[in-house]
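Biologist: Please zoom in on one spot for me, the metal site, and then place it in the chain around it. Keep it chatty, but spell out the cut-offs.

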Amino acid sequence: MGAAVARRESPRSPLTQLRWVVQDSWTVARRHLLHIRYMPEKLADVTIQPLIFVFMFAYIFGSAIVVPGGHYRDFLMPGIFTQSMAFASMSIMVGIVNDMSKGVMDRFRSLPMSRAAVLIGHTGANLIESVLGLIVMTGSGLVVGWRADLGLWPTLAGFGVLLLFGFAMTWIGAFVGLFLRSVEAAQGFGMVVMFPLTFVANTFVPTQGMPAWLRVIANWNPTSAVVAACRQLFGNSISTPQASTVWPLAHPVIAALIWCGVLIAVFLPLAVWRFRWAMSR
Amino acid sequence: MSGTAGGGGVAIRARGVRKHFGRTEALRGVDVTAERGSVLALLGPNGAGKTTMVRILTTLLRPDAGQVEIAGFDAIREANEVRYRIGLAGQQAAVDEYLSGRANLEMVGRLYHLPTRAARQRADELLDRFGLAEAGQRLVRTYSGGMRRRLDLAASLVAAPPILFLDEPTTGLDPRSRVGMWEEIEALVDGGTTLLLTTQYLEEADRLADQIVVIDAGKAVATGTPDELKRSVGGERVDVRLRETRQLEAARQAIAEATGRTPDVDAESGHLTVPVDAGAAALTAVVRELDAADVGIEDIALRRPTLDEVFFKLTGHAAGDLSPDGEQIVRGARREEVS
Ligand SMILES: Nc1ncnc2c1ncn2[C@@H]1O[C@H](COP(=O)(O)OP(=O)(O)O)[C@@H](O)[C@H]1O
Ligand SMILES: [Mg+2]
């Protein structure tokens, strides 16, 4: 036997316990980041897919979409950013389903590691993926001519709102992933929930042209609040007189913060509860 | 070795373990005990409750009732102490397909809180030992079924645990990989590891185990050494095959003379079988009598009962009968899956 034999004891002091939560979370998160190295397509949800949307909407549909008082590309990019944050939750969903169904979760559970670290590692890695995706999207936005016009602080605030939304979506992804049994189901969930969530909104077109019932849904969709907040903070707003009579779109930053707060307040505890249940079966 | 508190020479002790899932009674009061350094096999068909038992013993699952003590620690109240002392290779190879074999082992080492360098060194050691040194840098996705199993076994050994649990370690392996796995397991046991393994293969339990617990439908239906179990079915037999079936009657009389018992006769194939007590002595007596009666022998052997027969006798059905996909499991090695 080599030098490597585990220290066979549990942490006694709370400080050691905390250190292990952090260390184990990093080990789990690191695993997901290694996946990206071996399998860059894992980032597709937050890179390639939004890039395709940038291309489609900026050059194909966009050529026929006229937004009053501005450039469509300026209008489009905050929508794409937001959509990619929503789609990032697919990756954690699939990751968790995979670990649950392939016995990896059991291996973790048989190790003397921190239980919480499994969930923290998963969500932390997901957030890092979102940041990477955002960097790629920002680059491509700049290439197609998008600009944030209001200076450093509002721009950073805009990205802050996006990441907060990404964080909220991560917990939704984790929660749903803990319920699903197969990767196919996770992908199906993406089609059935993610597309309406990101399309029945002001993501790609202003909402005022939609039929009344759809417009109500779109205006109150959390995605719309986040998109509108980004447009405001990036200075990509265009005058949409009708929308501004709707409270969330008239006060988009506050609305986005409230929405994210509510989603996190609901789904983080739910995910933790479901995770603890799954870990103690 | 482990600094166990109490427990004496017993590494694994479970009493009256029960577990239900919905309306399924997966375990209905099972006891198992394994001495330190010994090999215990849980033998039973698909759905018998083997995996459930292993999951309870390895702290993955809470029993509805019963006590579980591993290395002297309570598996529920002192689960983390237990986790430092056990290794588990589950029924599925729980390896990350999108990491290299080496990265898999390193990750497990880190989660045992080994220092980074030690985790790396241990990973290399284990890759070497399981013949995966060359494949170590490759994604596990490219591994064959046998390689995955070996990697999974290696992962369970990262912390050099004194107690090891292997849930169906050879199911799904081709015969050659299976023998390779057996040799690895025997080497571990020679090194002093306490092993609990589950299997559907009677031959496997016979070869590896010191003690066998036969499980059927959530109950332990028999416990003993392989020899004890075989003896319980009723000792040894002499099997005779005749050169010419027309001598059957003469052979029957000669065998009855030699053993004092009437043999079973299969007229069509010219086979006679008789239970004996005296083993080799009975065999020579039968040969002598048959020779004296001028009966031509094609083949004669002293036969010990197989575990297949033990299983049938204990449960009323063959070990492979309960496979849900209708596959015969007793002997048929399933195809090795390569993806
Ligand atoms: N998580 C679970 N939920 C519901 N039923 C289960 C679960 N795990 C096992 N069972 C049932 O319990 C019984 C024993 O299963 P298992 O322990 O896996 O048997 P074995 O490993 O011997 O094949 C089976 O009837 C199985 O269907
Ligand atoms: Mg099983």
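Modeller: What follows starts at the metal and works outward through the chain.

This is a predicted model, where local features need pLDDT of at least 70 and side-chain atom pairs count only at pLDDT 80 or more, while totals for chains, interfaces and linings use all residues. Residues are numbered from 1 along each chain as its sequence is written, chains are lettered from A and ligands numbered from 1 in the order in which they are written, and side-chain values use heavy atoms, leaving out hydrogens and water.

Right, the magnesium ion (ligand 2): its protein donors are OG1 of T51(B) and OE1 of Q91(B), lying 1.9 to 2.2 Å from it. Donors here are N, O and S atoms within 2.8 Å of the metal (3.2 Å for Na, K and Ca), and since water is not among the atoms, sites may look incomplete. T51(B) belongs to helix α1 (residues 50-57) of chain B and Q91(B) to the loop between β6 (86-89) and α3 (101-111), so the pair ties together parts 40 residues apart in sequence. Those elements are DSSP runs numbered from the N terminus, with helices being H or I of at least four residues and strands E of at least two.

How exposed are the two? T51(B) is partly exposed at a relative accessible area of 26%, and Q91(B) is partly exposed too, at 34%. On that scale, buried means under 20% relative accessible area, exposed over 50% and partly exposed in between (1.4 Å probe, protein chains only).

Now step back to chain B. Its secondary structure comes to eleven helices and 14 strands, and 53% of its 339 residues count as buried. The C-alpha trace spans about 75 × 45 × 40 Å along its principal axes. The domain assignment, with bounds from an automatic or database source, gives domain 1 (10-85 + 161-231 + 312-338) and domain 2 (237-303). Their C-alpha centres lie 39 Å apart.

Two loops are worth a look for their backbone. Most residues other than glycine have a negative phi. A217(B), in the loop between β9 (211-216) and β10 (219-224), has a positive phi, near 50 degrees, and counts as partly exposed at 40% relative accessibility. D294(B) sits in the loop between α10 (280-292) and β14 (297-303); its phi is also positive, about 65 degrees, and at 65% relative accessibility D294(B) counts as exposed.
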